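Reader: I'm new to this one and would like a close look at a single part. Could you walk me through it?

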Amino acid sequence: MNKYLEQLIELSKLDKEIDDFAPRIAKIEKMLKLSLEKEKEFKLQAEALTTDIAEAKLKKGKNEAHLAELSAKLKDIAKKSALVKTAKEVKALQLEEEISKEQCDFANDEIGRLEKIIELKQSNITLLEEKIAEAQKESESIKASIDTQIQEIEEERRSVYQAKEELLSQMSQKILTFYEKIRKWAGNSTVVPVKKQACYGCFMRINDKTYAGVMKQDDIVTCPHCGRILYKEIEEAKA
Ligand SMILES: [Zn+2]
């Protein structure tokens, strides 16, 4: 194979690898972000439940205070009933007693209902706390593995940069300028394989003469349609 073509294929491969590092790091960091968001969401849910419980407790307190008032009132009625004389007074006290007892029933029902709510929400908080602990554990382990992975990527990046550095020192400036000029618009598809007689940059079929040139690998051949540098696809089955 033409030496320059070989260098160009290698250079484009290294450039692509260099460009791939940033999304690889971003992908790892996204995993951590998702885990932290999950943890935050659970915490918000638990906070909302805590607020609900405080509200329910307040309502329960009010009902209990009301119940104490009613109990005092009933005692008072009992005292009074020993002193009343007329049938009318007796009836009036009985009515008052009945109403107070109904109110007692209502307050007791309300306290029971609120207690159930408090209990349910409290058990939900317990479940959430378990989930929060799990999410925290997950975040911790992701953080630890991220540090290792990023370190590995950094090492890889250093070795790729070094390989590129070495390659560049061997390449002719003319070939490099030619490559960079195409790379400006073609990016990582500056040097592309030919498959089924088509350019794998623009996907258009190339003519027989160009195709023969690509197959011979003696020269640097560009796509007649888009101008990308072409090379003969290395069949993976052979490798
Ligand atoms: Zn093309």
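Which residues have the most contacts inside the largest nonpolar core?

Author: Keep in mind that this is a predicted model. The residues you're after are Leu8, Leu11, Ile146, Met171, Tyr179, Val191 and Ile229, and the core they sit in has 25 residues. As for where those residues come from, helices H1 (3–83), H2 (87–170) and H3 (173–186) and strand S4 (229–232) each give two or more. H1 supplies the largest share, with 10 residues. The core also draws on both domains, taking at least three residues from domain 1 (14–171) and at least three from domain 2 (174–238).

For a closer view, pick Tyr179. Setting aside neighbours within four places in sequence, Tyr179 touches Leu8, Leu11, Ser12, Asp15, Thr190, Val191 and Ile229. There's another core too, lying apart from the largest one: it has 11 residues, including Phe42, Ala56, Leu128 and Ile132. As a general rule, nonpolar side chains in soluble globular proteins tend to be buried together.

S4 turns up again when you look at the zinc ion. The ion's protein donors are the SG atoms of Cys199, Cys202, Cys223 and Cys226, lying 2.3 Å from it. Cys202 is in the loop between strand S2 (198–199) and helix H4 (208–216), and Cys223 is in the loop between strand S3 (221–222) and S4, so this pair ties together parts 21 residues apart in sequence. Angles of 104 to 115 degrees among the 4 donor atoms make the site tetrahedral. As for burial, Cys223 is buried, at 3% relative accessibility, while Cys202 is partly exposed, at 23%.

Definitions and conventions: Residues are numbered from 1 along each chain as its sequence is written. This is a predicted model: local features need pLDDT of at least 70, side-chain atom pairs count only at pLDDT 80 or more; totals for chains, interfaces and linings use all residues. Side-chain values use heavy atoms; hydrogens and water are left out. A nonpolar core is a set of buried Ala, Val, Leu, Ile, Met, Phe, Trp, Tyr and Cys residues joined through side-chain atoms within 4.5 Å. Buried means under 20% relative accessible area, exposed over 50%, partly exposed in between (1.4 Å probe, protein chains only). Helices (H or I, at least four residues) and strands (E, at least two) are DSSP runs, numbered from the N terminus. Domain bounds come from an automatic or database domain assignment. Contact means heavy atoms within 4.5 Å. Donors are N, O and S atoms within 2.8 Å of the metal (3.2 Å for Na, K and Ca); water is not among the atoms, so sites may look incomplete. Four donors count as tetrahedral if all angles lie between 85 and 135 degrees; four count as square planar and six as octahedral if opposite donors are over 155 degrees apart and all others between 65 and 115; anything else is irregular.
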